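Reader: Could you take me through one part of this model in detail? I'd like a close look at the place where the two domains meet, cut-offs included.

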Amino acid sequence: MLTLNYEKAASFVSAAELEAQQEKALEALDTLNSKSGKGSGFLGWLHLPDAIAPAEIQALQKAAKELTDGVEIVVVIGIGGSYLGAKAVIEALSHSFAALLPSRSHPLVLFAGQNIGEDYLSELLEILNAKSSACIVISKSGTTTEPAIAFRIIKKHLEEKYGKAAAKNRIIAITDPSCGALRTLAVQEGYSTFAIPGDVGGRFSVLTPVGLLPIAVAGFDIAALISGAADMAKITAEKSLHNPAVNYAAIRNALYNKGKKIEILVNYHPKMHYLTEWWKQLYGESEGKEHKGIFPAGVDFTSDLHSMGQYLQEGERGLFETVLSIGNESSHLEIPFDEQDLDQLNFIAGKRISECNKMAELGTLLAHVDGGVPVIRIGIQQLDAYAIGGLLYFFEKACGISGYMLGVNPFDQPGVEAYKKNMFALLGKPGYELMC
Ligand code: PA5
């Protein structure tokens, strides 16, 4: 279901170095499976694909249907792990021009609370004024500033437009099962709610209602997503060198130890942009601690070959690439023959666009390896819910293994608090005045 090829990266380390990291990765897998490592109170995500009951999936599908009845736009409010998983999956599975489709069977999902853009929120309100809408607000802590600001705005809009009583049926809150400001508000206002399990952290929560409800609202098959993740959970539980999560963690740590401190996730498919953003958060927030960790970056090829290509080919050599390769595209479009051939493209007339893209991928891989960039390749057959579910779980599992190999706690994020303290002090939040 997923292939991992690290031949073009292994040549940058010795066989002994790779073997040592593979051994370390197997030990880290043990630590993860036995829940004996750092942050072991946040390992609920490990078993999510098997733990979710068919009745829970049906409840999410039912809630999605009820919320969206007669609704044109659903605004999903959240940030970080409460945003990127749903955004990544919806983008990967949606029509590239979904917003412009003349007719749709499911509402358009828009996001808010992932920034503090005044123009962004004002322009969103402008759109909502002319459309029927509903809202899913997601925050585990319930106190994160960005989504809290956005929710105040959207809640006010819904209440003014539909009246307080009707507005509450247009809001679903996803938050901690028992505590936090959003839970209190939801109980007080009578919103429908779904719980984020206490032992699942934000960036590992895409397979909880945090990701599943927005994905179901957008019309995608959450049962297939879970099934892909469940199959990958089996494959990546295996304590063997056939386990792709073990090998991915091993090769990236072997490269890191050789001074390759930056990993660039490369995609050749425009729908994968937000999958990269999700991956960046997963690895950046999990590993970037104690002044350690591979810096996760991303590029969209071939677009970025015309902006970042020069650097990647000939700049500093402290980086490696992980290419996400998709087997089949679902459409079929060929390059047309042209009588004049002024652009000299007739030599590829009749070929599929995807074939050209594949040759760009292969050509780039060879060029970058020649230029001193190790390249890992992760392949999936096609962009569908099952394959994406497997890919998400694969990256989560490898991230847990890799974080333990590095010696950090992959499941906390103490560094995220620093900016908040300063921002609160600057905004005059009571209790924060003396902190900066
Ligand atoms: O991975 C994480 O834990 C974070 O990125 C959180 O998801 C993010 O900060 C949002 O937090 P919350 O869901 O509490 O609003």
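**Where the domains meet**

Author: Let's start with one pair: Glu 285 makes a salt bridge with Arg 203, and their closest N and O atoms sit 3.0 Å apart. The rule here asks for a side-chain nitrogen of Lys or Arg within 4 Å of a carboxyl oxygen of Asp or Glu, and across the interface of domain 1 and domain 2 it finds 1 salt bridge. Polar contacts add to the picture, with 5 residue pairs across that interface, both partners at pLDDT 80 or more (N or O atoms within 3.5 Å, one able to donate a hydrogen and the other to accept it; sequence neighbours count only if both atoms are side-chain atoms).

On the domain 1 side, the elements giving two or more residues are α11 (222-235), α13 (273-287) and α16 (385-406); helices are DSSP runs of H or I, at least four residues, numbered from the N terminus. The top contributor is α13, with 8 residues.

Now some bookkeeping. This is a predicted model, so local features need pLDDT of at least 70 and side-chain atom pairs 80 or more, while totals for chains, interfaces and linings use all residues. Numbering runs from 1 along each chain as its sequence is written, and side-chain values use heavy atoms, leaving out hydrogens and water.

Zooming out, the automatic or database assignment gives domain 1 as 3-39 + 226-408 and domain 2 as 48-222. Counting heavy atoms within 4.5 Å as contact, 22 residues of domain 1 touch 25 of domain 2. The two bury about 2,100 Å² between them, 68% of it on carbon and sulfur atoms (accessible area lost on being put together, 1.4 Å probe, summed over both). In domain 1, Ile 226, Lys 271 and Tyr 274 lose the most area to domain 2, together 35% of what that side buries.
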